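Me: Got a minute to walk through this one with me? I'd like to go over the interface, then some side chains.

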Number of protein chains: 2
Amino acid sequence: MPEALRLALSQQFQNRFSCGDSTRLQHGRDESVHDPMLPWGVVFAESTEEIASTVALCAEYGVPIIPYGVGSSVEGHVLAPRGGISLDLSGMNRIIAIHHEDGDATVQAGVTRKQLNDALKGSGLFFPIDPGADATLGGMAATRASGTNAVRYGTMRDNVLATTTVLADGRIMKTGGRARKSSAGYDLTRLLVGSEGTLGIMAELTVKLYPIPEAISAAVCTFPDVDAAVQTVIQTIQLGVPVARIELLDTLSLSAINKFSKTTLAEAPTLFFEFHGSPASVKEQAETVQAIAGDLGGANFEWAIRPEDRTRLWQARHDAYFACLQLKPGCRCFPTDVCVPISRLAECIAATNEDIAQVNIPIALFGHVGDGNFHLVVLVDPANEQDMQEAAWISSRVVERAIAMEGTCTGEHGIGLGKRKYLPLEHGEVAVDVMRAIKLALDPQQLLNPGKILPPAGEKN
Amino acid sequence: MPEALRLALSQQFQNRFSCGDSTRLQHGRDESVHDPMLPWGVVFAESTEEIASTVALCAEYGVPIIPYGVGSSVEGHVLAPRGGISLDLSGMNRIIAIHHEDGDATVQAGVTRKQLNDALKGSGLFFPIDPGADATLGGMAATRASGTNAVRYGTMRDNVLATTTVLADGRIMKTGGRARKSSAGYDLTRLLVGSEGTLGIMAELTVKLYPIPEAISAAVCTFPDVDAAVQTVIQTIQLGVPVARIELLDTLSLSAINKFSKTTLAEAPTLFFEFHGSPASVKEQAETVQAIAGDLGGANFEWAIRPEDRTRLWQARHDAYFACLQLKPGCRCFPTDVCVPISRLAECIAATNEDIAQVNIPIALFGHVGDGNFHLVVLVDPANEQDMQEAAWISSRVVERAIAMEGTCTGEHGIGLGKRKYLPLEHGEVAVDVMRAIKLALDPQQLLNPGKILPPAGEKN
């Protein structure tokens, strides 16, 4: 790191700038199997202006800058392949405004989804996007996150109305606005959502809120095989039932959850449902889905009506990832996350299960199947070459299959470093060229989260 | 026009290339008050490859190219301020694929919304976005159109999944895909939607379809004043009632409609509603809204249950624009179209009505108030200077008010030529700079629909 930059940051941020090894290590790794890549130092910013001045300083010295929320991403987004400054935004945790009548909230980027929902308690409103981890809203916007509720409420793409963003030269830009729709110029908000910190650093964002449904009910139902469960999902979606959540977990996932969460769920292919609406509409939705599931061999429909039972159920679902990690002590997870048109979902999962049968490493399958999105938790010992080879093989098989089915290499995790090589396969070279042209137009020095989504100009994937 | 270009286009397109005066005039004006600006010639393209070769030829000769659908836009989008070639896409009218199980359709850009819905008859699916005019889907995507159903189904922003787009150099790019969600790279689809043909020409697009609701009912209700009607809308939206349509029309609009459509609707501030869902849910929604309206003085709730009655009702609503044009023979419409957060809607409309009371020209007010979006149909004799001055005054008043209320200068019409000057006011200079950087990165010669959204580089708004 240029000594002058180190001095300038020390002077401005005092003990909110650290070059200590443990801080750098904490900010140079993520939840996945990627090897750590450490930044040179970490700045803990607390305002948009502090982000802007840090970015401007880094621009002056040609030093990379990598935004950091809570580090829950899984495709290497927070790693520092070219060193530079990790910009920790967890101190940007102020809720700036809640507009109850308009159903929106403006927050600093470091506010987490649970923090926002806590602040909304008693208002009759909630923020639905729920990727499992208690991620920051800035991080969720940066990776275009979604999760269990997306089948009903959309993803971050649909739920960010406006941003305040720091550009690569330190200028502060406003995008979007609080009107529910607009045709006023290029959709810079949507361009930033999913750009993984490579075009600008979102410092504040305005997100949509929703009225808490009058009635909510959740249910669990087991199936004789994965295909019957998937067919139930497909028929439910095609019928237009407005389910709020519809999640598939395979037998291995259930067994891991039971061990981890001390639950006694049946260890079989299972769907978790949640229905939102008026009491009459929830009843109607539940009856329709129960009839579909029943026809396909679904059994043991168990209802969770009380809020505490629902919370327990969804906590178990959210623990699936960590529960699976316990299946193989000391292991790491090689993440996959694909999404296909719903008509191809059964075929895609069936073929994936055939691949899984061919390898030795444990692999759990679960996901947000209402969107056609599912994950594999592929458990590896990173030091074991065969594990890593098998994981790479299964990952490329499922990704290439999803793309061949007109799906995507990532439904919600993002490209980061891990999925870069699939971008031209999915979108074609021309679209990738256009992405690069936009990147270079907005960040000519390529300092904003370098190497994520696109390799540095001139380098191969 | 360069003679070599004329020769090349004549040779390739034969009688699908015209430089005739009437064809040029037809393609150089729109539905609004903007003075015509004629292109040098018109190409009638019938395939993506024909668009690509025309764009490549124009790029070679440095000649502007302006995409044209049915010419129903109202902010000067199809005008040719620097001459060039108008690219008529109405012959791009092939429905390429309907995926019933996935609820999406891929169409050429010249397919109109009614054509798509005709093709869907009997499938149980429909395409909801309805801006009134039977616009092409390409044109609707280019202006980020919405209309009466947007409060329930979103705008074109939310409903375009993928595009095939011709870039400024003639290369063909694919964006997006058929998966319902993706985190794979920059959201080029959303960048193109609303870019008004200035970043690329959409040749094909894939749009979302929806199951036709089991039950639909529509209703009309009159109010003692506009404020009571607007308060009914606000309470309905804040309660989270999933209305499919909720439209306000003022007394002048109703009187124009009665004359034009031979209807006998009460000439008072009126809301048109439509409810979609299961029979029970539609009943529930209607009861809730009726109770809200009743409390606010809403009366004469009239129901249209039969499809033909509903069609008549919505046809009358869609005719409002043309009905209003008849109020002043020989007049043209000076369009306005703003959208504000719903909490500011009553105040915005009340202040606008005070402005309307101060001018002599007839002005009707109606719109998609469930989104906070409303239009003024400002009727002017373009030759009458006082008319034009009054219209400009009222338009700037309502736009500046909407922006001051954290709203937008255009909810659904787009920027075109007419709203360019408001773009920096709404988004700030930094965001406009970024829009220009993207424009120059993708269209360095500034040949794609020049002067729309942004003035040519170096020129003032």
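What follows is a quick chat about the interface, a few buried residues and the salt bridges.

Me: Before we start, what kind of model is this?
Reply: It's a predicted model, so treat each value below as computed from that prediction.

Me: OK, interface. How much area do chain A and chain B bury between them?
Reply: About 6000 Å², with 57% of it on carbon and sulfur atoms. Chain A puts 76 residues into the contact and chain B puts in 75 residues.

Me: Which residues of chain A lose the most area to chain B?
Reply: Lys181(A), Ser183(A) and Tyr186(A), which together make up 16% of what that side buries.

Me: How many salt bridges and polar contacts go across?
Reply: The rule finds 8 salt bridges across the interface of chain A and chain B. It also finds 38 residue pairs in polar contact there, both residues being at pLDDT 80 or more.

Me: And which elements of chain A give two or more residues to that side?
Reply: Among them are strand 9 (172-176), helix 8 (188-192), helix 11 (279-295) and helix 17 (429-442) of chain A. Helix 17 of chain A gives the most, with 10 residues.

Me: Back to Lys181(A): which residue does it pair with in a salt bridge?
Reply: Asp371(B), with the closest N and O atoms 3.4 Å apart.

Me: Switching to Arg178(B). Where is it, and is it buried or exposed?
Reply: Arg178(B) is in the loop between strand 9 (172-176) and helix 8 (188-192) of chain B. It counts as buried because its relative accessibility is 6%, and the cut-off for buried is under 20%.

Me: What do the side chains of Asp102(B) and Asp104(B) do with it?
Reply: Both make polar contacts with the side chain of Arg178(B): Asp102(B) at 3.1 Å and Asp104(B) at 2.7 Å.

Me: What else is Arg178(B) in contact with, leaving aside neighbours within four places in sequence?
Reply: On the chain A side, Pro341(A) and Glu406(A). From chain B, the list also includes His99(B) and Thr206(B).

Me: Now Val63(B). Where does it sit?
Reply: In the loop between helix 3 (48-61) and strand 3 (65-68) of chain B. Val63(B) is buried, at a relative accessible area of 2%.

Me: What is it in contact with, beyond four places in sequence?
Reply: Val63(B) is in contact with residues including Pro2(B), Trp40(B), Ile85(B) and Leu447(B). As for Leu448(B), its C-alpha atom is 9.1 Å from that of Val63(B), and the two are 385 residues apart along the chain.

Me: Helix 14 of chain A next. How does its span come out against what it should be?
Reply: Helix 14 of chain A covers residues 345-356, and its 12 residues should span 16 Å at 1.5 Å a residue. The end C-alpha atoms are 16 Å apart, so that agrees.

Me: Which of its residues are buried, and what covers them?
Reply: The buried ones include Leu345(A), Cys348(A), Ile349(A), Thr352(A) and Ile356(A). The cover includes helix 9 (226-238), strand 13 (245-249) and helix 15 (385-404) of chain A.

Me: Backbone check: which phi values are positive at Ile453(A) and Glu196(B)?
Reply: Ile453(A) has a phi of about 65° and Glu196(B) has one of about 55°; neither Ile453(A) nor Glu196(B) is a glycine. Ile453(A) is in the segment after helix 17 of chain A and is buried at 0%. Glu196(B) is in the loop between helix 8 and strand 10 (201-208) of chain B, and it counts as buried at 3% relative accessibility.

Me: Last topic, salt bridges. How many over all chains?
Reply: The search finds 58. One of them, I'd add, joins Arg113(B) and Asp130(B), closest N and O atoms 3.2 Å apart. Those two are 17 residues apart, with Arg113(B) in helix 4 (residues 113-119) of chain B. Both Arg113(B) and Asp130(B) are buried.

Me: And Asp118(A) with Lys121(A): buried or exposed?
Reply: Asp118(A) is partly exposed at 48%, while Lys121(A) is exposed at 66%. Their closest N and O atoms are 3.2 Å apart.

How values were computed. Residues numbered from 1 in each chain as written. Chains lettered and ligands numbered in written order. Predicted model: local features only at pLDDT ≥ 70, side-chain atom pairs only at ≥ 80, totals over all residues. Heavy atoms only, no water. Helix = DSSP H or I, 4+ residues; strand = E, 2+ residues; numbered from the N terminus. Buried < 20%, exposed > 50% of the residue type's maximum accessible area, 1.4 Å probe, protein only. Contact = heavy atoms within 4.5 Å. Expected span 1.5 Å × (residues − 1). Buried area = accessible area lost by both parts, 1.4 Å probe. Salt bridge = Lys/Arg side-chain N within 4 Å of Asp/Glu carboxyl O. Polar contact = N/O pair within 3.5 Å; in protein donor to acceptor, adjacent residues only side chain to side chain.
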